[in-house]
Amino acid sequence: MIKKFIRKILGVKNKSDAASANQKPTVLSHKDHGIDPQLVSANAIRITQTLQENGFKAFVVGGAVRDLLTGVKPKDFDIATNATPEQVKRLFRRAFIIGRRFQIVHVMFGQDLLEVTTFRGAATDGAPKDEHGRVLRDNTFGEQYEDAARRDFTVNAMYYDPASQVVLDYHGGMKDIKKKTLRIIGVPEARYREDPVRMLRVVRFAAKLGFTIDATTRAPIAVMAPLINNVPAARVFDETLKLLTSGHAMACLQQLRKEGLHHGLMPLLDVVLEQPLGEKFVALALANTDERVQQGKGVSPGFLFASLLWHQVVEKWEAYKAAGEFPIPALHLAADDVLNTQTDALAIQRKIGSDMRDIWAMQPRFDKRVGKTPYKMLEHPRLRAGYDFLLLRCASGEIDEEIGQWWTDFMEGDSTERDRLINTKPKAAEAGPKKRKPRRRAPRKAAAAAEE
């Protein structure tokens, strides 16, 4: 009784009151939301239909619904259901339960992978956490309204049923989409402490969607940014890769710097971007990546990170050469230094690190355009990536464009053209160092006369 009186005076709601406020969603018909059914994945429809036919609730959820509401065809489709992971697994031939922190089911149709999650229950105080408050493991299942409250942002907390074409909106996500605003669900400080990666996600969504971050959502980020250092490096790497392959990579990096989040992600990134040559190189690399993403083409993480970190390699390479190391060993030492630093920060996978090293190591070999070396380069398995990297260096002004053009002609030419190119001295070699003209000596007689 006393507690109720205090809450009434202070206007404080307890957890159950707050939860019940969002138990009933706003129901949006097709007329209200205007989602084009043609943009919905056939396999997503197949999963929801199978689950519903077996007596379960099932909806397309999260970013897919957000994209559908903005008229964009989603790249990935996630499904939410009241079926447990074991029940989902029994309904599909190629289904695999994964995850320790949160159990989810991966359902595969050919190469198409869809993620199916069970509705999450309300967060419990008993869930294992680290000393900073980050939730380590929580597989509590619950009702749909509880699942909606567990999602990060209002625009990601809507559920679409392909069968009825109805959208369920628990937290005013539709209004925020219309206002182009990103707003976190719940108390921002508590949500960021539970999972600091949400600070990176809000940056990615803001840059990708062109949305404004709500002032209350944004306020704690600058202070809580160091919590990202407590997140497993593999998760930070995954989120960084999503940032860089969002189709708006430069906007994401600029937003990261604006919010003060970049220090834990890419050490020395500020130094790179503040150097005119480095900034131009990185901008070209990210623009190239964005273009590929927007065209629906694949992006090589190895090429992307090799581009971002190249000028750190160059700086160390020059330092090793200045210390007396030969050029090729110096390059390998520089690559080792940069990769060791970044592997600690980003958990760069071994395969990606190997690709980066190959791309960097090829660059001095492009300078050798005589003899058998160019023909051997044609057999290199990473030639295309190394060549594209070379063209970036030319476009940024780091090296002469004539080198890139020579290799373009050599790769596209027939055997006769290749022989001609090899036997023709490069322009730089033709010009060579200018020779000093010998001093013209005065005639003996004139010299003798001058002495008299």
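User: What lies between E5 and E6, and what phi does Gly 110 have?

Analyst: E5 and E6 form a hairpin with 2 residues between them. Gly 110 sits in the turn, with a positive phi of about 65°. This is a predicted model: local features need pLDDT of at least 70, side-chain atom pairs count only at pLDDT 80 or more, and totals for chains, interfaces and linings use all residues. Residues are numbered from 1 along each chain as its sequence is written, and side-chain values use heavy atoms, without hydrogens and water.

User: How do you know that E5 and E6 pair?

Analyst: Two strands (E, DSSP runs of at least two residues, numbered from the N terminus) pair if DSSP finds at least two bridges between them. E5 (residues 104–109) and E6 have 5, so they pair, in the antiparallel sense. One bridge joins Phe 109 to Asp 112 in E6.

User: What makes E3 and E6 a pair, and in which sense?

Analyst: E3 (residues 78–81) and E6 (residues 112–118) share 4 bridges, so they meet the rule too. Their sense is parallel. Ala 80 has Thr 117 in E6 as its bridge partner.

User: Why is the second largest pocket called a pocket?

Analyst: On a 1 Å grid over the protein atoms alone, a pocket is an open set of points where a 1.4 Å probe fits, with protein on both sides within 12 Å along at least five of seven lines. Lining residues have an atom within 4 Å of a point. Here 17 residues line the pocket, and Asn 288, Thr 289, Arg 292, Phe 303 and Asp 388 lie nearest its centre.

User: Which helix gives the largest share of that lining?

Analyst: H16 does, with 6 residues.
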